[in-house]
Structures are given as C-alpha cells and as structure tokens.
Amino acid sequence: MNAELPFFRYHPDPVATGSVRAGNEPCDCCGRSTGWIYTAAFYTAKDVAGSVCPWCIADGSAAERFDAEFTDAYGLDGVPWEILREVTHRTPRLPCLAGPTLARPLP
C-alpha cells in the first residue's frame, strides 16, 4: 500500500466495512494509483467508468467533479449543514446499510 488512508470521522474504518479495498486501479478523479480504491456505490447522474480513491472522497474533489453524494441524506433532517456536507460529500458509504444510519463520530 502506498500510504495511510485519510481519516473519515463518520466512517473510521472503511477497509473493515468493505467500502475501501487495496487496489492499483487509477482513480477516475485524480488519475493516481494510490494503492487503495473505493468499492461502494455513490449517487451521481454522470457516467463514471472507473474507480475513485479515498483521498478524492476525503477532500471533496470526487463529489465536486462528479456532482456526487456518497451517502444519502434521507433521515438526516436537522443535522447541521457542515456535518451533512461532510457525511454526504466526504465520507465513504457504509455498503452494508440500507438506510441513513451512520457510525458515531470519534471524539
């Protein structure tokens, strides 16, 4: 693996949940092969043919480039905008969940 994964406050272990796996595929957003690749689905109307790296999720560039959301905002009414934005645009989806349940943030 090339580097330690970025930290996701609302999904602290994306490898354990299967949202991220080791892989040498180039990222469709930044073009780099980082050694890690995102495996879960995300919401976008754009055609994304390749994979996305965790760094492009963490910094928001994948959400911006593909006009994408990684987690559905359904059920998150009343959540402050900053947290909602972090969860939907900068946090890998928990693939095992059918609804909006999220991991608790770490202190």
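Contact here means heavy atoms within 4.5 Å, and helices (H or I, at least four residues) and strands (E, at least two) are DSSP runs numbered from the N terminus. The structure is a predicted model, in which local features need pLDDT of at least 70, side-chain atom pairs count only at pLDDT 80 or more, and totals for chains, interfaces and linings use all residues. Residues are numbered from 1 along each chain as its sequence is written, and side-chain values use heavy atoms, with hydrogens and water left out.

The protein contains 4 helices and 2 strands, arranged from the N terminus as α-β-β-α-α-α. Of its 107 residues, 36% are buried (under 20% relative accessible area, 1.4 Å probe, protein chains only). Among contacts with a separation of 6 or more, 52% link residues 24 or more positions apart.

A good place to start is helix 4. In this helix (residues 81-89), the buried residues are Leu84, Val87, Thr88 and His89. They lie on the same side of helix 4 because they cover an arc of only 165° around the axis, taken from the directions from the helix axis to the C-beta atoms. These buried residues pack against helix 2 (54-58) and helix 3 (61-66).

Next comes the largest nonpolar core (buried Ala, Val, Leu, Ile, Met, Phe, Trp, Tyr and Cys residues joined through side-chain atoms within 4.5 Å). Of its 18 residues, Val52, Cys56 and Ala62 touch the most other members. Strand 2 (35-38), helix 2 and helix 3 each contribute at least two residues to this core. Leaving aside residues up to four places away in sequence, Val52 touches Cys27, Ile37, Tyr38, Phe42, Ile57, Ala62 and Phe66.

Note on methods: Buried means under 20% relative accessible area, exposed over 50%, partly exposed in between (1.4 Å probe, protein chains only).
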